[in-house]
Amino acid sequence: GEVAGLNLASLTREVCGSITNDLAGMESRARDARAACKKDLDRAQHRLEELQARSGSPVEDPDQTEIQKARLEVSTVFGVHRQFEIAEKERQKAQGRLDQLLEELGDRAPVPESVFQQGQDRLEKLQEELARAEVALRDRRRAVEAGREATAQIQRIDSEIQAVQSGACPTCGGPTPHTDQTILKDLQIRRQSLADRIQACKKHLHGNTITPETVQDLQAKVNTGAAWVEAQGRLRWLAGGLQEARQRVADAEQRVASLERPDAQALAAAEKRRDELEEQAARAREAQGHEKAILDAKKDVYSLTVRRDALNSLCGYLGPHGFRQEILETRLEPLVNEVNGILQRWGMSADYQRDGFLDLMVTTPRTGEAVPYHLLSDGEQILIQLAHQAFLAVASGVRIVVLDRIEALDKSAQQKLIQAVFDLAGPDGLLDHVLLMGVSLDTVKFPAGIGVDQGYKRHELTHATAGGAPQAKTTKTTRRKTA
């Protein structure tokens, strides 16, 4: 069904996950969902009350055209102000550059172009001459070093020659038996080669007169020339930039003069008008948002109220007085009819009273009126149990009944129970097997043909397959005594 437009089947699946036979579990989940819904509803109502309490007087939303006009006016005035400001900054920048150049240039003036070119040429020649002088100085130093080394070697060879001529060993200086002419000749050849090398070094030094002082002097001249060229180049660059800077200053001044002077008061008035309109529009939007929040809160309260009512209905349907009561009434009626069909054999009847709880009310020949089950005697209670078990055995197809504690009955009740069993387990009865169990069955009087198992065997009361009279069937059992 539906409650306030909510489909209860869909709501049940949402709350319970699925529709099952566990109505009690479904009811519990539905109640939990209802409790959570009530909390959400309380919060939504509190939120709505807060929003309504903060509601103020309505604010008129200004015309958007007026706001656009105010913004355009501000933009126009600000554009004039901004253009003049940019042009003035450019003029100040150009003037500052011109002042910087004039300050650096001072009263100096660059030399003529021809003089500057001559200075560059002279510097290049000095640099080339310095490079040749450095190479010549390195050659002279190598020649001097080679001559010194050759002279030292000649001195060592002369010592060896003198030692060989005097008969001493050239290696250790000890006496030798004879003078080796081969060693002497070799030493003389080596000496002559070194002497030739010395002559060549002297010849080279004779034509190379470069000294370190010469190189230092050339380096100083190169440094001086380079400094002069660099300074004159800087002056020439400053002089060239000076003309360009003056032109930029003139152009910037002309640009500033052509622009309209900004009106600060007009700009302030336009900005004030624009800010007032935008503030009014913001307040109007805030009021509209507040009204929308109130409307959304009302929708939330309404939807949660509908859901709460639907959950109340669902809890009622799933509760004891809902589906379960309908199912119970549907199932109890055939049960009561069948049980009473059995009980009327013994002059008894039963019914279930349904007032939130199930109470079994029984009428017996002894009471003459319906009394609660717990007020019956033990014999009457066991007959009620037998009738219910017989119904369940027949309904399930098992057709077997087991009754315990028959020793607790008095003799009349025992005989009445045994007779009732014979009524139900006869050849044309409802049951195939009835097991009567107790702690001690020695005092129970059974009809002929029924034995008692003292803990090792069990006697089942069953109907014969051919003779029609009940017979005893023996099987193994527990230590409990069974008839």
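**Confidence.** I looked up where this predicted model is least and most certain, using pLDDT (the predictor's confidence in each residue, from 0 to 100). Strand S9 (residues 470-476) has the lowest confidence, at a mean of 42. Strand S5 (residues 371-372) has the highest, at 92. Strands here are DSSP E runs of at least two residues, helices H or I runs of at least four, both numbered from the N terminus. The chain's mean pLDDT is 78, with 80% of its residues at 70 or more. I noted that pLDDT stays under 50 over residues 456-482. Low pLDDT means the predicted coordinates should not be read in detail.

**Ground rules.** Residues are numbered from 1 along each chain as its sequence is written. In this predicted model, local features need pLDDT of at least 70, side-chain atom pairs count only at pLDDT 80 or more, and totals for chains, interfaces and linings use all residues, while side-chain values use heavy atoms, with hydrogens and water left out.

**Second largest cavity.** Which residues line the second largest cavity? I found Val336, Val339, Asn340, Ala350, Tyr352, Leu360 and His388 (a cavity is a set of points on a 1 Å grid over the protein atoms alone where a 1.4 Å probe fits but cannot get out; lining residues have an atom within 4 Å of a point). Helix H8 (323-343) and strand S3 (349-354) each give two or more residues to this lining. H8 has the largest share, three residues.

**Strand S6.** I checked the faces of S6 (residues 400-403): Val401 and Leu403 form the covered one, Ile400 and Val402 the uncovered one. Val402 has Leu435 of S7 as its bridge partner.

Key:
Contact = heavy atoms within 4.5 Å. 1 Å grid on protein atoms, 1.4 Å probe; cavity = no way out; pocket = protein on both sides within 12 Å on 5 of 7 lines; lining within 4 Å. Buried < 20%, exposed > 50% of the residue type's maximum accessible area, 1.4 Å probe, protein only. Pairing = 2+ DSSP bridges.
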